[in-house]
Amino acid sequence: MTTLMRRLRRGTTALALAVLGALLTPAGTAHAASFEVLVFSKTAGFRHDAIPAGIDTLRTLGGQNDFSVTATEDAGAFTSANLAGYEAVVFLNTTGDVLNAAQQTALQSYVDSGGGYLGVHAAADTEYDWPYYGQLVGAWFQSHPAIQQATIRTEDRTHPATSHLGATWTRTDEWYNYRANPRPRVHVLQTLDESTYSGGSMGADHPITWCHRQGQGRSFYTGLGHTVESYADPAFRSLLLGGVRYAAGQAAADCSAPAGTGQVEAEAYTSASGVQVAGHAPASGGQTLGYIDNGDWAGYASVSTAGARTFTAKVSSAGAGGTIEIRSGSATGTLLGTVTVPVTGGWETFTTVTTTLTGSASGPLFLRFTGGAGALFDVDTFSLGAAPTAGALSDDVHLFYYSWYGSPAVNGGWRHWQQGGRTPPDDIGADLYPALGPYDSGEAGAVARHMEWVARSGAGVIVYSWWGRGSYEDRLVRRVLDAARERGIEVAWHLEPYAGRTAASTVADIEYINSTYGSHPAFHRSAEHGGRSAFYVFQSLDIADWTALDQVTDTSIVLAQTTDTTKIAHFSGMYTYDGIAGASAPGWKQAGDHARANGLIWAPSVAPGYIDDRAVPGNSTPTVERANGAAYDRQWSNALDPAIGGSPTWVSVTSFNEWHEGSSIEPADSTPPAGHGYRTYDGAYGQTGEAAQTAYLDRTAYWAGRFRAASGD
């Protein structure tokens, strides 16, 4: 087909095409395909037996769906002139270093200018020395177990590649583990359930199929497709077809990456001036973005600045130090913020710098570097963070929140941190150490940071631990309400079992809280339940007769802590709180079914883990290991599965910051004081180091979104 005809096909009207076709196409000749795909299967490492089957499948799909396929193993096809004739390029089980520098440049220009890329399986085992390709494919291969059956979970059933699939898909293939979790930079379509096979190493969040925008172009990747049998599977063939159509720009899809970026390797730039990759053993991946002089810059085509409100970087400097300018669109584009890099005393001595970003921009990220003469600094990793808006928060996700901590600077002494006979500040009664250190709940900065993190989690409501009128916690209520209001968060109430509590005193407490704090803008009233306030009653089974609640349940929702439906007379519903039981969800479906049948609230509680060994020495309470996030995902999955969780009204999370029980999602220090045996969140959802500190906040936001989607909100 001539270049003229390709140009006409892409840019002219249907009428012009019809006229041209009538003039140039002989009678009886088939019409031209609507788009063209280049299939590239060169290997410089392991060669898959399935390559011929893959080529045949793509040709068959093309014949059935009006596109043509050109298959080649000649890397000479990668010139700007030749690639211009194709709407998409498929890397079909390629391996190793298959393109030279000029061919790499041609592919990069092709995609960033609007072309499409589709990678199949071993495409992730390709071009390890080319940082741009790592961004393009999304993640590089690390390892795989033996071929076996596994269950795939489909996260997005609207994409043309996955719209034909159910929520789960069980099939046999070779299941890749990747060097890093791509989720922060891509739109994940499918994940692997590692509990259904042996040899997975990525934990609870194991993406296997994803897509994203790359410059002006499109990228789609699936880890499926190792076996010859895969290409005879109609469901897999439909996935390939949808991926081809998306990559070729023939089918629309939402492939936007999540807000923020997670951790990005600074040396994985896609364009640059002056900088080079530098080797430093202590750095993430053993490399940094180095050799930085005044005026140098680096660009990241797949890192969008849309919605970015913070910039954090891990840096080192044995040089002059200097400044990082965070820009959008180009090295001279919109300036979003700057951050100063100090001299750290050595190229392998790292510190973290952070700054708030302002302005509005949506182009790709560029970092420009300024300073004095000579070498300035190195950048190891960085991340962009987004500040969620109130509209993004879910009023149906509630976090249990504790204001019972004190420090000498504010409180005059330690409060709660010394539990278990500990000696703060380095030695505290918790198996995890807060990123803020042993803070004081009355310190305005700590509370403000908490509300920032709550907003990041996607939860719209905190459930405030309250221990009676005039208590320490009661005295701090207004400060928490004020800070919550600033982030669009609302406050419900956890009525704790203080000494002498009765049904009558509980009614009086509810009336006191409603009258004292009910006029505050952050006071939670459920719009879906008549504007009533919300109260969770801890250890409600300690009191047998709750008849007195009838005085307040017209104006307030009052939940019992139980799944025993014979123990909830006079209550408005149930919750569980227990951070251990969520792994098996005993009685959840029965409780949810009963609540739904009787117009009650069902708010099961999920937790990321449980360990209280340092706070309660010698205790016999079972430990729930976090398993890099798998435990949290299992409890959320149980809650949202109608056959297990009983279709909850709300989901309550145990907890935001109950440090003694090790159930917190509040960021935990990635480098806690040494010598005390503290745990960290390292490894959670594929994140490590500082990036892991907020892993449970971000995963809560993910599940909050799933809950909204399941509820139809």
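Student: Why is Thr227 called buried in this model?

Tutor: In this predicted model, Thr227 has a relative accessible area of 10%, and buried means under 20% relative accessible area, so Thr227 counts as buried. Thr227 lies in the loop between S11 and H7, where, leaving aside residues up to four places away in sequence, Thr227 touches Ala50, Ile147, Thr172 and Asp173.

Student: What makes the pairing of the side chains of Thr227 and Ser230 a polar contact?

Tutor: The side chains of Thr227 and Ser230 are joined at 2.7 Å, and a polar contact requires a pair of N or O atoms within 3.5 Å, one able to donate a hydrogen and the other to accept it, so the pair is counted as a polar contact.

Student: How do you know that Arg218, in strand S11, is buried or exposed?

Tutor: The relative accessible area of Arg218 is 11%, and the cut-off for buried is under 20%, so Arg218 is classed as buried. Its contacts, not counting residues up to four places away in sequence, include Glu87, Val111, Tyr117, His212, Arg213 and Tyr246. The C-alpha atoms of Arg218 and Ser113 are separated by 9.8 Å, although these residues are 105 residues apart along the chain.

Student: Which word describes the angle between helix H3 and helix H7, and why?

Tutor: The axes of H3 (residues 51-65) and H7 (residues 234-247) come within 11 Å and cross at roughly 70 degrees. Angles of 65 to 115 degrees count as roughly perpendicular, and therefore H3 is roughly perpendicular to H7. The crossing of these two helices, H3 and H7, is right-handed. On the H3 side the contact is made by Thr57, Leu58, Thr60, Leu61 and Asn65, and on the H7 side by Arg237, Leu240, Leu241 and Val244. Sorted by class, the contact of H3 with H7 has 5 nonpolar, 3 polar and 1 charged residues.

Student: And what makes H14 roughly parallel to H17?

Tutor: The axes of helix H14 (residues 630-640) and helix H17 (residues 695-711) come within 11 Å and cross at roughly 15 degrees. Angles under 35 degrees count as roughly parallel, so that description applies to H14 and H17. H14 passes H17 in a right-handed crossing. From H14, the residues Tyr632, Asp633, Trp636, Ser637 and Leu640 meet Tyr696, Arg699, Thr700, Trp703, Ala704, Arg706 and Phe707 of H17. The residues of this contact of H14 with H17 divide into 7 nonpolar, 2 polar and 3 charged.

Student: Why is Ala627 called partly exposed?

Tutor: Ala627, whose place is in the loop between strand S31 (605-606) and H14, has a relative accessibility of 45%. Exposed requires over 50% and buried requires under 20%, so Ala627 falls in between and counts as partly exposed. Ala627 also has a positive phi of about 55 degrees although it is not a glycine.

Student: Why is a positive phi worth a remark in a residue other than glycine?

Tutor: It is remarked upon because most residues other than glycine have a negative phi. Glu127, too, has a positive phi of about 55 degrees although it is not a glycine. Glu127 is found in the loop between strand S4 (116-120) and helix H6 (131-137), and with a relative accessible area of 2%, set against the limit of under 20%, Glu127 is therefore buried.

Student: How do you know that Thr654 is buried or exposed?

Tutor: Thr654 has a relative accessible area of 1%, while buried means under 20%, so Thr654 is buried. Thr654 is found in the loop between strand S32 (651-653) and helix H16 (689-692). Among the residues that Thr654 touches, not counting those up to four places away in sequence, are Phe400, Tyr577, Ser605, Val606 and Ser663. The side chain of Thr654 reaches the backbone oxygen of Tyr577 at 2.8 Å.

Student: Which peptide bonds are cis?

Tutor: Among them are the bond from Thr654 to Ser655, with omega near 15 degrees, and the bond from Pro424 to Pro425, with omega near 10 degrees. Ser655 lies in the loop between S32 and H16, whereas Pro425 lies in the loop between helix H8 (408-411) and helix H9 (444-456). Such bonds are pointed out because most peptide bonds are trans.

Key: Residues numbered from 1 in each chain as written. Predicted model: local features only at pLDDT ≥ 70, side-chain atom pairs only at ≥ 80, totals over all residues. Heavy atoms only, no water. Axes fitted to C-alpha atoms, helices over the stretch in contact; angles between N-to-C directions. Helix = DSSP H or I, 4+ residues; strand = E, 2+ residues; numbered from the N terminus. Parallel < 35°, antiparallel > 145°, perpendicular 65-115°, else oblique. Left-handed = near helix turned anticlockwise from the far one by under 90°. Contact = heavy atoms within 4.5 Å. Nonpolar A, V, L, I, M, F, W, Y, C, P; charged D, E, K, R; others polar. Buried < 20%, exposed > 50% of the residue type's maximum accessible area, 1.4 Å probe, protein only.
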